[in-house]
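Here's a quick tour of one protein, with stops at its hidden spaces, a pair of helices and two residues in loops. Have the sequence and the 3D view ready as you read.

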Amino acid sequence: MSETKKIIEMIENDNTTQKDYENIKLPSSMNALVTLKEEENIFGEMETEDKDISKTLHYKEVTIPEVGDDEVLIAVMASGVNHNTVWSATFEPLPTFNFLSHYAKSNPKNKKHNLTYHILGSDAAGVIVKLGTKVHDNWKLGDRVVICPAVTSNTNPQSYKDSMSDPNTKAWGYETNFGGLAEFCLVKSTQLMKKPEHLSWEEAASLSLVSSTAYRMLVSQHGAEMKQGDNVLVWGGAGGMGAMGIQYVLNGGGRPIAVVSSEKKAELVKKLGCEYVVNRAKKNFNFFKEDGSINKRHLIAFKSTVERLIDKESADIVFEHTGRETFGASVFVAKSGGKIVTCGSTTGYEHTFDNRYLWMYVKSIIGSHGANIYEAYNANRLSCLGKINPILSEVYTLENSIEGCIKVKNNQHIGKVGILCLSPKEGLGIKDHELRQKVGEDKINIFRNLKNK
């Protein structure tokens, strides 16, 4: 039996002790989803939609990295696909090998990240199998964890105010190497968070990045600081970010208005508890004319549709993560003094909007990126309490993960796509059955149930 299989058996066995983990023998290599530096120019000037990422994503055997004194090696039971994996595979806006090179130069300890391959992935749930010598004793071998995607430096004074405003903070598995789409991943000890024990490995792994990002955008002092009763327009309500945003708005006593692109997605967000839904495809809203100029008539019609839904009130906050296609409408539809909180820009980074509707009506645009460790901790705490639920729709094995990545690139998915890394099947890793029953399978599996219809 291989060393990796022995580790899987240990993790699945409830009688495994910490002493067993101390005696563990780690393999020297593992399987992982990677991009290759030799292919970073493969697409040339090709448009994003024409890039075939099956050519640049590879399931490959690679070496397990050395563990530094403040680092931890995790046996990854499950991971998830985020849009930053698509950016990595299309080498947009920049080849991520540029990030790895920069990160390697920032500290001698980071040199090992600058390799000819990049192990991707910014989500993971798994078990600690090796600890660095200087890791705080809050953590021990065998602990079951999920991972905060923010890699902080703590060398810039700015990081102590908010690590996300520190340019040295990096997105794990995107701007650093050894991410979660692998059998083992390498993280800083500051990235460790307790696994929600009422969730399976793949459910727990699907949450960290989108949940913490939505928390910062809507709840944090660094985001929109949503108040009870606020009307919040949520673009892409059935996607990973949108569905998470709806949950936070409802938890905080706000009124979400979800924008979706099909009746199936409208049904889904209503099951999440979102009463107000705009099916953009049904209304045929198009915010740009054929010549690329702003379509004012459709902006007015969209704003009227939204305000009719919410008793002639306006949107206090717009939860904006889609970017170019919607940003002009976001600025237009927000109420006077309202806020547009933005991250991601999955339809394009170059935004066009009529600035008169921003400055004349004293609206604010708030840039948001990921979450600092405190925000990620608070988001994860809500998951551990059963207050924020997974939005997992489908699951692939690590070997077949490229198929899941292609679905995300082509926007053919709903919610989140999960990846089984070492977990041999779905549904494993649940310990707190009492809390799971209290939360309810229907709430935990809303997206799975719709997918299986």
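A residue counts as buried when its relative accessible area is under 20%, and as exposed when that figure is over 50%. Keep that cut-off handy, and keep in mind that this is a predicted model. With a relative accessible area of 18%, Ser-189 falls under the 20% limit, so Ser-189 counts as buried.

**Ser-189 and its surroundings**

- You'll find Ser-189 in the loop that runs between strand S9 and strand S10 (192–194).
- Which residues does Ser-189 touch, leaving out those up to four places away in sequence? They are Asp-70, Glu-71, Val-72, Val-135 and Trp-139.
- One of those, Glu-71, turns up again in the lining of the largest cavity.

**The largest cavity**

- Rolling a probe the size of a water molecule over the atoms is a way to see where empty space is left.
- Here the count is three cavities of 30 Å³ or more.
- The largest cavity holds about 70 Å³ of space.
- Around the largest cavity sit Glu-71, Tyr-103, His-113, Val-151, Trp-172, Thr-176, Leu-186, Val-187, Lys-188 and Gln-191.
- Which strand gives the most to this lining? That's S9 (residues 184–188), which supplies three residues.
- Sorted by class, the lining of the largest cavity has five nonpolar, three polar and two charged residues.

**The second largest cavity**

- The second largest cavity has a volume of about 40 Å³.
- Its lining is made of Met-193, Leu-207, Ser-208, Ser-211, Ser-212, Ala-376, Ala-379, Asn-380 and Ser-383.
- Helix H6 (208–218) and helix H13 (373–384) are the elements that give two or more residues to this lining.
- H13 gives the most, with four residues.
- By class, the lining of the second largest cavity splits into four nonpolar, five polar and no charged residues.

**Helix H3 and where it crosses H14**

- Seven of the eight residues of H3 are buried, so call this helix mostly covered.
- The buried ones are Asn-84, Thr-85, Val-86, Trp-87, Ser-88, Ala-89 and Thr-90.
- What covers them includes strand S1 (29–36), strand S3 (71–81), helix H4 (96–106), H6 and H14.
- The axes of H3 (residues 83–90) and H14 (residues 401–409) come within 9 Å, crossing at roughly 95°.
- Angles of 65 to 115 degrees count as roughly perpendicular, so that's how H3 lies relative to H14.
- On the H3 side, the contact is made by His-83, Thr-85, Val-86 and Thr-90, while H14 brings in Cys-405, Val-408 and Lys-409.
- That contact has three nonpolar, three polar and one charged residues.
- Right after H3 comes Phe-91, which has a positive phi, near 60°.

**Leu-57, another loop residue**

- Leu-57 is in the loop between S1 and strand S2 (58–63).
- Is Leu-57 buried or exposed? Its relative accessibility is 2%, which is under the 20% limit, so Leu-57 counts as buried.
- Leaving aside neighbours within four places in sequence, Leu-57 is in contact with Leu-33, Val-34, Thr-35, Ala-89, Leu-120, Ile-402 and Cys-405.
- Among these partners, Ala-89 is one of the buried residues of H3, and Cys-405 is one of the H14 residues in the contact with H3.
- Now try a long hop: from Leu-57 to Val-277 is 220 residues in sequence and 36 Å in space, C-alpha to C-alpha.

Definitions and conventions:
Residues are numbered from 1 along each chain as its sequence is written. This is a predicted model: local features need pLDDT of at least 70, side-chain atom pairs count only at pLDDT 80 or more; totals for chains, interfaces and linings use all residues. Side-chain values use heavy atoms; hydrogens and water are left out. On a 1 Å grid over the protein atoms alone, a cavity is a set of points where a 1.4 Å probe fits but cannot get out, and a pocket is an open set with protein on both sides within 12 Å along at least five of seven lines; lining residues have an atom within 4 Å of a point. Grid points are joined across faces, edges and corners, and a volume is the space filled by probe spheres set on the points. Ala, Val, Leu, Ile, Met, Phe, Trp, Tyr, Cys and Pro count as nonpolar, Asp, Glu, Lys and Arg as charged, and the others, Gly among them, as polar. Axes are lines fitted to C-alpha atoms, for helices over the stretch in contact, and angles run from 0 to 180 degrees between N-to-C directions. Angles under 35 degrees count as roughly parallel, over 145 as roughly antiparallel, 65 to 115 as roughly perpendicular and the rest as oblique. Contact means heavy atoms within 4.5 Å. Buried means under 20% relative accessible area, exposed over 50%, partly exposed in between (1.4 Å probe, protein chains only).
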